[in-house]
Amino acid sequence: MSSPRRVALVGNPNTGKTTLFNALTGFRAKVGNYAGVTVERKSGPLKGGTIPAEIIDLPGTYSLSARSADEMVAVDVLLGHRSEDPTPPDLVLVVLDASNLERNLFLATQIFETGLPCALVLNMMDMAETNGISIDTAELERRLSVRVFPVVASKGTGLDALRQFICSDNAALARSPQRVVFPEAFDSATTSLGEALTAAGVAARDTTPFLLRRALLEVGGMAEQRMRTQGGDKAAAAIDGARATLQQAGHRLVSLEAKARYASIRGVLDGVVKIPEGRRETTSDRIDRVLIHPVWGVVVFMALMLVVFQAIYSWSAPFMDLIDGCFGWLSEQVTANMSEGPLASFLADGVIAGVGGVVIFLPQIIILFLFISILEDCGYMARAAFLADRLLSRLGLSGRSFIPMLSSFACAIPGVMATRTIEDPRDRLTTIMVAPLMSCSARLPVYALMIGAFIPAYSIGGVLGLQGLVLFAMYLVGPAVAIPVALLLRRSLLKGPKPTFLMELPPYRRPNWKQVGFRLLERAGAFLKRAGTVIFAVSVVVWAATYYPRPAAVAESIEARYAERIAAAEGDTAEELTAERDRAIEGAYLRQSILGRMGSAIEPLVRPLGWDWRIGMAVIASFPAREVVVSTLGIIFDVGSDADEESDALRDRLVAAQWADGSPIFTIPVAVSIMVFFALCAQCAATLAIIRRETNSWRWPIFAFVYMTTLAWIGALLVYQVGTLIAG
Amino acid sequence: MKLSQMAIGQKGLITDLQGDSALIQRLLELGLTDGETVEVVRFAPLGDPMEIRVRGYYLSLRRVEANAIVVEPQA
């Protein structure tokens, strides 16, 4: 056997499917995307098996009547309808939460009908035991005529038997599980529909008993659509006719399936699962009494958010200093060991400063994702959605938008990707459109630089620092602006009925540290990859635009101006003059460089915001990736190569920067105006690219770019003008 | 009585589902079938959504969605 056995993992959300996937593959996932849709395809080789096998992790779904893109992919893969998985899997493992077999088996009974070899994996057996639930797996196996594997994926319990089964020979896999008995009228309607459709010219692969049932049950569903396109009016008439016959026989189409399945499941589980009499209060219930308490829940929620933001700011400091030191040292080595010229400048100012200025955020990103991973893993995220839904639903979003929005505080890219779990397309688009307004970690350096340099460090009551408060306020700008934007979108471009909010509240779990660590590595890797590609490229272009053209005449005229004075001066004064001359030369070069000219050209546009041409050019340079602004400001305000937001020299330079009349450029209103601009502007090529990919059209990224940039300009203008009025 | 009108801790028997067919189908898939017992666990701080217990697990849904579920309150 040459090609590996393909094993699909299917199950409801919150069944620990991903944990099982990681345990089976040993964290060796290959992550890609299904073509044309935005659903992630995750697969990996089975570890510790006797034959090669590929494990495919399908998106979580409650049913095979697919409504969201996620569910659609799961169904398509099972049917072998996707180009990435052109044949059905060789084995389907249905992953079930052992504490909640009744509901989980609904999907399992649907999968039994696909006719694919399958087995049940009862995950989180330990939790079921703790809750006093006992399961007679041997009897369940016998009644359903399908293999049942009790496991605890997070601890690796029971996985050896599962691995052995995955690798057993074909004959052992093929078993036909007990199927749910549907009313006779339904079965005969399916049979006659099949005959009618074959006569109408629908291909045999689209008229399997499984698909015929799905077509009858799901009005307007995928199976029905496929048959209608192939069989035309004849097929449509046959389907409508079959449904009418059923209705006449007294069956309600909408409830027929659920009734039959749940009745059958109850029969199967009777005597197999023993749940303790009366409702015992579980640990989860006790935790929830506090965490979703009308008052305490909100208090805990707010406190938690505050801790997260404090941690991002203070825990990361030593690591950031360390990274800063490393890049500073590298840059010094280049400057010290290479002769002055384009190459040295390119390496020190372009490559090292550009990439270093971005890598420095790695500690903050790791800390944020650490919190998000833990909160997600332990089940708190669903509670947060529960708490926030009323608020968000008034804005035309849903509680489900909460996780993508929160993730966007780290980076809009995972945030936009996380919107995949939102079923309603309008809800999803609205969330995608406002998610980039959240202050991502790339905005933090801008805030840190401006706040550190221009906001006084006094503390209120000895506890709360003004600088920290301003930072917190900057993080509130995004949500505050997102509200009217979302409302407007929901009333104009994305008008439509309010979608549903049905969400399971899974029991709390101890976070799986291996899993959390793995996810952190994944995120950190993705971030570094971005730093190494997009941001590297941008740095190079920005460097070139600030370095060229470089006619020698510029330097010569300034040198000539200084020559006499330097010759006349002595000692320290001479040295100071030389330094001043060199700065003047750099400044002159910069002013007539490509980027400098662009900055001068847009000066009329940015003057009302309180900015000079240099700030304007730094902002232009940061449109592909906003974090670039710090290193660009460093290059422009002439402190050399290793500028980052913690660099005191850059801070001092900004404080010292003056207009022609000697008044300082950077005042508090200017600093805040810059921060507000960065808070609202769509300065991230990668986010726009991901929006393009997720919405499958250029329309939405262009819309996001235009509206955000306009808002940013207006916001900065208001802040500066009002601020100057107050200050003046 | 509608599920949304029940009080915290109150149990009810589902007698009917009324409203949008996509919503009804999803509710059915999640196990809210005729004759099932549901219990109201709590309401979110702003009174919406609500949390219910059905078939041994916890589900959150909005009041408008709970309006689709007709129940007969149990003593």
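Here's a quick briefing on chain A and the sheet it shares with chain B. Keep in mind that this is a predicted model. Chain A carries 33 helices and 12 strands, and one of those strands, β12(A), sits in a sheet with strands from chain B.

**Chain A overall**
- Going by its C-alpha trace, chain A spans about 110 × 55 × 55 Å along its principal axes.
- Of the 728 residues in chain A, 55% are buried.
- If you look at contacts in chain A with a separation of 6 or more, 73% of them come from residues 24 or more positions apart.

**Surface and charge**
- About 30,900 Å² of chain A is exposed, and 61% of that comes from carbon and sulfur atoms.
- The charged side chains of chain A split into 68 positive and 68 negative ones.
- The centres of those two sets lie 9 Å apart.

**The sheet shared with chain B**
- Six strands make up an open, antiparallel sheet, and the order runs β12(A)-β4(B)-β3(B)-β2(B)-β1(B)-β5(B).
- β12 (503–504) of chain A and β5 (69–73) of chain B are the edge strands; each has a single partner strand, so one side of each has no neighbour in the sheet.
- As general background, strands in a sheet pair through backbone hydrogen bonds, in either a parallel or an antiparallel way.

**Where the two chains meet in that sheet**
- β12(A) runs antiparallel to strand β4 (residues 57–61) of chain B, and two bridges join them.
- Want a residue pair to look up? A:Met503 stands opposite B:Ser60 in β4(B).

Note on methods. Residues numbered from 1 in each chain as written. Chains lettered and ligands numbered in written order. Predicted model: local features only at pLDDT ≥ 70, side-chain atom pairs only at ≥ 80, totals over all residues. Heavy atoms only, no water. Helix = DSSP H or I, 4+ residues; strand = E, 2+ residues; numbered from the N terminus. Buried < 20%, exposed > 50% of the residue type's maximum accessible area, 1.4 Å probe, protein only. Contact = heavy atoms within 4.5 Å. Areas by Shrake-Rupley, 256 points an atom, 1.4 Å probe, with all protein chains shown as cover. Lys, Arg positive; Asp, Glu negative; His and termini not counted. Charge placed at Lys NZ, Arg CZ, Asp CG, Glu CD. Pairing = 2+ DSSP bridges.
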